[in-house]
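The exercises below are intended for a reader meeting this structure for the first time. Each task is followed by a solution in steps.

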Amino acid sequence: MTDNNTGSRSLSLLGLGAMGTALAAAWQGAGHALTVWNRTPGRAAVLADVAPAVVAVPTAADAVAANRLVVVCLLDDDSVGEALADADLTGKDLVNLTTSTPAQARARAEWARERGARYLDGGIMAVPPMIGVAGSGAYVFCSGSRGLFDAHRDTLSAPAGTTYVGEDAGFAALHDVALLSAMYGMFSGVAHAFALIRKEEIAPTDLAPLLTSWLTAMGQSVGSMAGHLEDGDYTTGVVSNLAMQVAGSATLLRTAEEQGVSTELLTPYLALMKQRLAAGHGEEDTTGVTDLLLR
């Protein structure tokens, strides 16, 4: 099978899980011709039945053969290797939107180059309902072949915005995980805050807007923290230094005890603050905690 969907607005998509299906709908809605393959054939057949610009094929190799641009959105890195094991990647532009680690992305990029393909890795910063929805805020980190990204930028941007973060194929996954890690850290603080009021006559919906506005305001410190990390000076512009914050943390712990709330979401970070203070950095802000995490 060769080039049954020709032209710059044609692509092949491997994987029709929740995210893959959302991507397919977005590309189909934007007028792109699709060749699709899924390990469970029924999903591909259903999509092809309702979308005239979609062609379902029986094997991953057939999908790869159909177009130069091949997008993969599968379960994990092992699934990518298995699906493409028998495919001829010579001259193909392979975009891997499967969630992976930076090391896996770099290894997969080398694997693709050895098989004659250009490679771009992607980290999707969205959930499926955000894909293809204008103004949803969805975007995809992309890293790897700049030539591939530039050649297919418009197509790749149809389901969600794209942000290119470098030639190193691992950078998209690294940016993805960095943002998700920060998100879970925020959620842990929010969970603790709600736990503190859980037994009181305070409605969570009353606290929620206060939490949102407070976290938004505190988010402004991310930029100054980044600046401190780059210039190595953790004391410039400090408003509430580490010594003050460690002293104040006792109130946080005591309040949690009074409210019958576990401190397990707070104590790891507070312990690092105390460690940094004990090393003589009381006039800094909390930026130095970052350095304590490095092994």
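The model examined here is predicted. Its accessible surface comes to about 15,500 Å², and 58% of that surface belongs to carbon and sulfur atoms.

**Exercise 1. The protein as a whole**

Task: Describe the secondary structure, the dimensions, the share of buried residues and the charged side chains of the protein.

Solution.
- Step 1. The secondary structure consists of 13 helices and eight strands.
- Step 2. Along the principal axes, the C-alpha atoms fill a box of roughly 70 × 45 × 30 Å.
- Step 3. Of the 295 residues in the protein, 40% are buried.
- Step 4. Among contacts between residues at least 6 apart in sequence, 60% join residues at least 24 apart.
- Step 5. There are 18 positive and 31 negative side chains, and the centres of these two sets are 3 Å apart.

**Exercise 2. Helix H1 and its surroundings**

Task: Determine whether the span of helix H1 agrees with its number of residues, and state what covers its buried residues.

Solution.
- Step 1. Helix H1 covers residues 18-29, which makes twelve residues.
- Step 2. The expected span takes 1.5 Å times one less than the number of residues. For H1 this gives 16 Å, and the end C-alpha atoms are 17 Å apart, which agrees.
- Step 3. The buried residues in H1 are Met19, Gly20, Ala22, Leu23, Ala24, Ala26 and Trp27.
- Step 4. Their cover includes strand S1 (10-14), strand S2 (33-37), helix H2 (41-50), strand S4 (69-72), S6 and helix H7 (153-156).
- Step 5. Just after H1 comes Gly31, with a positive phi of about 90 degrees.

**Exercise 3. Val71 in strand S4**

Task: Classify Val71 as buried or exposed, and list its contacts beyond four places in sequence.

Solution.
- Step 1. Val71 belongs to strand S4.
- Step 2. A residue counts as buried under 20% relative accessible area. Val71 has 0% relative accessibility and therefore counts as buried.
- Step 3. Val71 touches Leu11, Ser12, Leu13, Leu14, Trp27, Val95 and Leu97. One of these, Trp27, is also among the buried residues of H1.
- Step 4. Along the chain, Val71 and Asp206 are 135 residues apart, and their C-alpha atoms are separated by 44 Å.

**Exercise 4. Helix H8 and two of its residues**

Task: Give the reach of helix H8, then examine His192 and Ile197.

Solution.
- Step 1. H8 has 27 residues, and 40 Å lie between its first C-alpha and its last, close to the 39 Å expected.
- Step 2. Ala172, Ala173, Asp176, Ser188, Val190, His192, Ala193 and Ile197 are buried in H8.
- Step 3. Elements covering them include helix H5 (102-114), strand S6 (118-125), strand S7 (139-144), helix H9 (204-218) and H11.
- Step 4. His192, found in H8, has a relative accessible area of 7% and is therefore buried. Beyond four places in sequence, His192 touches Ala256, Val261, Ser262, Thr263, Leu265 and Leu266.
- Step 5. Ile197 also lies in H8, and its relative accessible area of 11% makes it buried. Its contacts beyond four places in sequence are Ile202, Ala203, Pro204 and Leu207.
- Step 6. Ile197 and Gly232 are 35 residues apart in sequence, with 39 Å between their C-alpha atoms.

**Exercise 5. Helix H12 and Val289**

Task: Establish where the buried residues of H12 are placed around the helix axis, and relate the helix to Val289.

Solution.
- Step 1. Helix H12 (residues 267-278) has twelve residues, for which a span of 16 Å is expected; its end C-alpha atoms are 16 Å apart, which agrees.
- Step 2. Leu270, Leu272, Met273 and Arg276 are its buried residues.
- Step 3. These residues cover an arc of only 155 degrees around the axis, so they are on the same side of H12.
- Step 4. Their cover includes helix H11 (242-259) and H13.
- Step 5. Val289 is in helix H13 (residues 289-292), and with 4% relative accessibility it counts as buried.
- Step 6. Beyond four places in sequence, Val289 touches Tyr269, Leu272 and Met273. Leu272 and Met273 are among the buried residues of H12.
- Step 7. Val289 and Ser224 are 65 residues apart in sequence, and 14 Å separates their C-alpha atoms.
- Step 8. H12 is followed by Gly280, which has a positive phi near 90 degrees.

Definitions and conventions:
Residues are numbered from 1 along each chain as its sequence is written. This is a predicted model: local features need pLDDT of at least 70, side-chain atom pairs count only at pLDDT 80 or more; totals for chains, interfaces and linings use all residues. Side-chain values use heavy atoms; hydrogens and water are left out. Helices (H or I, at least four residues) and strands (E, at least two) are DSSP runs, numbered from the N terminus. Buried means under 20% relative accessible area, exposed over 50%, partly exposed in between (1.4 Å probe, protein chains only). Contact means heavy atoms within 4.5 Å. The arc is that of the directions from the helix axis to the C-beta atoms. Accessible areas come from the Shrake-Rupley method with a 1.4 Å probe; for residues, only the protein chains shown count as cover. Lys and Arg count as positive and Asp and Glu as negative; His and the chain ends are not counted. The place of a charge is taken as NZ of Lys, CZ of Arg, CG of Asp or CD of Glu.
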